[in-house]
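Work through the two exercises below with the sequence and the coordinates at hand, trying each task before reading its solution.

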Amino acid sequence: MIYKLNEINKACIYLQNKIKNDIILICGDVGAGKTTLVKEYCKLIGVKENVNSPTYTLINQYKCNSKIVVHIDLYRVNNLIEINELGLFDYLENNLVIIEWPEIILNQIDFNYTLVTIKYINKSHRKLSISNK
């Protein structure tokens, strides 16, 4: 799906209709719009809190109806030892987990997830690709 940045809500609705589980992995270059997509998606599903990038905190949590949304950013994580120290895999049960920059764990995953890729087309357009694994 190709979308304009000012129509990000349409991309989030598209995402909501394609997701088949509670683990969402989001890939894309720096500046592609990963966090922007997460913020808008969280609004769509009912998160009332201000959603911020977890680039420095690594993990943010938000309440959403009866679930917790766990927003994780692995950009600054260098290896699987750090992943284990974060307790990342402990968050995967009974939560909606959204992970930006998941490339470091893609080969380690043995659970179902939705892979979202955002491609920069130009200043105002992005391409969203979604697959369920």
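**Exercise 1.** Place asparagine 60 in its strand, then describe its burial and its surroundings.

*Solution.* Asparagine 60 belongs to strand β3, which spans residues 59-64, where strands (E, at least two residues) are DSSP runs numbered from the N terminus. The model is predicted, so that local features need pLDDT of at least 70 and side-chain atom pairs count only at pLDDT 80 or more, whereas totals for chains, interfaces and linings use all residues. Residues are numbered from 1 along each chain as its sequence is written, and side-chain values use heavy atoms, with hydrogens and water left out.

With a relative accessible area of 15%, asparagine 60 is buried, because buried means under 20% relative accessible area (1.4 Å probe, protein chains only). Turning to its side chain, a polar atom there lies 3.0 Å from the backbone oxygen of asparagine 52. Contact means heavy atoms within 4.5 Å; once neighbours within four places in sequence are set aside, the residues in contact with asparagine 60 include Asn52, Val69 and His71.

**Exercise 2.** Trace how strand β6 pairs with strands β2 and β7.

*Solution.* Two strands pair if DSSP finds at least two bridges between them. Strand β2 (residues 23-28) runs parallel to strand β6 (residues 114-122), with five bridges, and cysteine 27 has threonine 117 of β6 as its bridge partner. Between β6 and strand β7 (residues 125-132) the pairing is antiparallel, over eight bridges, and isoleucine 118 is bridged to leucine 128 in β7. Finally, β6 and β7 form a hairpin that has two residues between the strands.

Conventions:
Helices (H or I, at least four residues) and strands (E, at least two) are DSSP runs, numbered from the N terminus. Buried means under 20% relative accessible area, exposed over 50%, partly exposed in between (1.4 Å probe, protein chains only). A polar contact is a pair of N or O atoms within 3.5 Å; within protein, one must be able to donate a hydrogen and the other to accept it, and residues adjacent in sequence count only if both atoms are side-chain atoms.
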